[in-house]
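Welcome, and thanks for taking a look at this one with us. Please have your viewer ready, and we will go through a helix pair and some empty spaces together.

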Amino acid sequence: MEIECLNYTQDDFTHRFAGRDRQTLSFYQNLTYDEKSIEKVMERSIHPHTGKLADIMAEGMAPYGLSDKQEDNLRRLREGARVIVGGQQAGLFMGPSMIMHKMLTLLVLVEEVKKNYNYQAVPVFWIAGEDHDFEEVNHTHIYDHTHRRRRKITYKPNLTVPMSLGFYRYDPSAMKDTLDRIVEGCGDSGYLREKKSEIEAMIEQNEYWTELFHALVHDVFADAGLLIFNSHDEAVRKLEAPMFKKMIENHEAIDAAFRQGQQEFIEAHDLSPTIDTETNVHLFSGSRTTRTLLDQQGGSYLTDKGTLSKDALLEYLEQDPASFSNNVVTRPLMQEMLFNTLIFAGGGAEVKYWGELHKVFEVMDINMPIVLKRMEIIHEDMRLNKLLDKYGLEVSENLAADAEAKKQNLIESATDTTFLDEVDSIADHLDTDYSRLKDKEGREAHRDLIEANLKVHKKQLSYLKRRYQLEVKRTLRKELNDLEEISERLMPGGSLQERIYHPWMFPIDLEVGRLAYTTQLTIIKGI
């Protein structure tokens with residue numbers, strides 16, 4: 001296996017953030033990935049509920065069978081160890097690949113912090129089980145090598161799930177059918193040969209969408225010591241109840257700080273807003289049934305239970321905290337109120353919206369962790385490597401455009417342009433000849449017939465050109481398909497491979513010692 005890092009073009013903000021621009025870091029409490037920032041975070045006091053949080057996580061993870069490394073990390077967490085955390089919604093069978101790459105980023109950072117700063121941090125992956133955007137997680141994509149095209153595979157495509165995913169019970173039969181289609185599409189890899197029956201057993205043993213996701217993540221990452229945090233866990237929500245209460249009591253200040261801070265951030269970086277929300281409370285209720293964004297109108301609050309007074313809303317929270325969850329504005333707050341975080345690793349959009357929230361942290365008197373962009377990883381197997389060499393292409397942000405340009409050049413080189421010019425010349429002469437034919441005196445009654453006949457001839461000439469161009473492409477079918485495969489497998493639809501394709505399409509290698517944290521694009525080659 002060969003690893004290469006590439007300066008993949010990013011927007012101006014990402015360059016400034018990665019380059020530790022002073023103005024940009026001011027939106028992140030002037031913290032970055034260096035010794036000074038790590039020491040500053042390490043000086044902070046530990047949350048008093050840390051032991052209780054570790055116990056809740058241990059109880060939630062125990063049914064999946066704790067590894068020795070997970071036991072060690074739970075002990076460290078209980079004793080106040082700082083965490084390196086990232087999270088994501090529970091994608092279908094852990095897809096797309098970027099979800100696993102987030103987890104790999106956490107493990108790489110833990111190893112680097114231990115090696116470079118002599119501190120044993122704890123990796124925690126946050127499953128956003130409170131999310132209800134089912135259409136975002138109900139599908140995955142594979143590359144169909146037989147037909148050389150991308151294929152979408154969806155679990156129950158017409159299903160609507162209004163509650164939080166953590167409360168959704170999946171259909172085991174439909175899930176197994178979806179598994180069969182993914183396995184068939186990914187091919188007979190060694191991993192799938194060994195794992196398919198185990199995954200089918202997981203489908204039977206679990207009941208809820210996020211439980212199955214947890215089981216799959218545990219199976220891959222338990223021996224690496226990754227701790228898995230289910231945000232929808234009812235014991236977690238009970239622990240969070242006082243934090244939700246604080247957010248409700250301060251929601252006006254939170255909203256004002258968010259609006260002001262977002263404006264400052266986007267003006268400083270010439271960006272469009274990352275967070276787009278009209279709510280003024282920034283919490284949800286109704287997680288069990290119909291997840292509803294809370295909104296204050298006058299002195300009342302619109303909820304899944306109708307209009308409630310503030311006292312009634314707080315009573316609802318006290319009686320059923322599991323029905324409450326965060327939106328994008330308050331989720332980072334909740335993370336930092338729960339965990340003693342050293343580093344948060346998120347995607348590019350997440351890094352931006354943490355910057356938009358800097359005033360919210362300030363008004364709530366909550367410290368930010370060190371915020372880092374997660375690693376981006378793509379896989380380039382030997383076939384892709386040979387195809388890239390054959391056509392003189394390389395991985396870059398322009399790969400799709402470069403492959404398309406190669407296709408057009410091949411087509412142009414194989415096209416007899418004089419033939420097309422002669423067909424056009426015939427069409428031009430037809431216009432002249434038929435015009436003379438119909439405009440002769442005494443033929444007025446036959447003009448419609450003459451014009452209709454001209455259209456027939458021109459249509460046949462147009463068909464001749466199209467058919468010729470199609471024949472040219474058919475003679476180049478292999479080359480054009482090769483170039484399309486390069487583009488579709490590495491940059492499908494112009495996006496990085498990891499954002500689209502399922503992780504089972506690629507080798508699963510957890511030897512994190514081979515990787516180093518970087519904001520460059522990591523290319524894993526030769527497998």
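How many cavities of 30 Å³ or more does the count come to? The count comes to four. Please keep in mind that this is a predicted model.

## The pair α4 and α11

Let's begin with two helices. Helix α4 spans residues 50-61 and helix α11 spans residues 234-249. Their axes come within 9 Å and cross at roughly 165°. Angles over 145 degrees count as roughly antiparallel, and α4 and α11 are therefore roughly antiparallel to each other. The crossing of the two helices is left-handed.

Who makes the contact? On the α4 side, the residues are Lys52, Leu53 and Ile56, while α11 brings Ala235, Val236 and Leu239. By class, five residues of this contact are nonpolar, one is charged and none is polar.

## The second largest cavity

If you stay with α4, you will come to the second largest cavity, to whose lining α4 gives the most, with four residues. About 50 Å³ of space lies in this cavity. Its lining consists of Ile56, Met57, Gly60, Met61, Ile228, Phe229, Asn230, Asp233 and Val236. You may recognise two names here: Ile56 and Val236 line the cavity, and both also take part in the contact of α4 with α11.

Which elements give two or more residues to this lining? They are α4 and β6, the latter covering residues 227-230. Sorted by class, the lining has six nonpolar residues, two polar ones and one charged one.

## The largest pocket

Now for the open space. The largest pocket has a volume of about 1,300 Å³. It is lined by 48 residues, and those closest to its centre are Gln88, Gln89, Met98, Glu136 and Glu350. If you would like to centre a view on this pocket, these five are handy names to select.

Several elements give two or more residues to the lining: β2 (83-88), α6 (97-117), α7 (134-137), β4 (139-144) and α15 (348-356). Which element gives the most? That is α15, with five residues.

The chemical make-up of the pocket lining is 15 nonpolar, 18 polar and 15 charged residues. For the second largest cavity, the corresponding list reads six nonpolar, two polar and one charged. With both lists at hand, you can colour the two linings by class and look at them side by side.

Note on methods:
Residues numbered from 1 in each chain as written. Predicted model: local features only at pLDDT ≥ 70, side-chain atom pairs only at ≥ 80, totals over all residues. Heavy atoms only, no water. Axes fitted to C-alpha atoms, helices over the stretch in contact; angles between N-to-C directions. Parallel < 35°, antiparallel > 145°, perpendicular 65-115°, else oblique. Left-handed = near helix turned anticlockwise from the far one by under 90°. Contact = heavy atoms within 4.5 Å. Nonpolar A, V, L, I, M, F, W, Y, C, P; charged D, E, K, R; others polar. 1 Å grid on protein atoms, 1.4 Å probe; cavity = no way out; pocket = protein on both sides within 12 Å on 5 of 7 lines; lining within 4 Å. Points joined across faces, edges and corners; volume = space filled by probe spheres on them.
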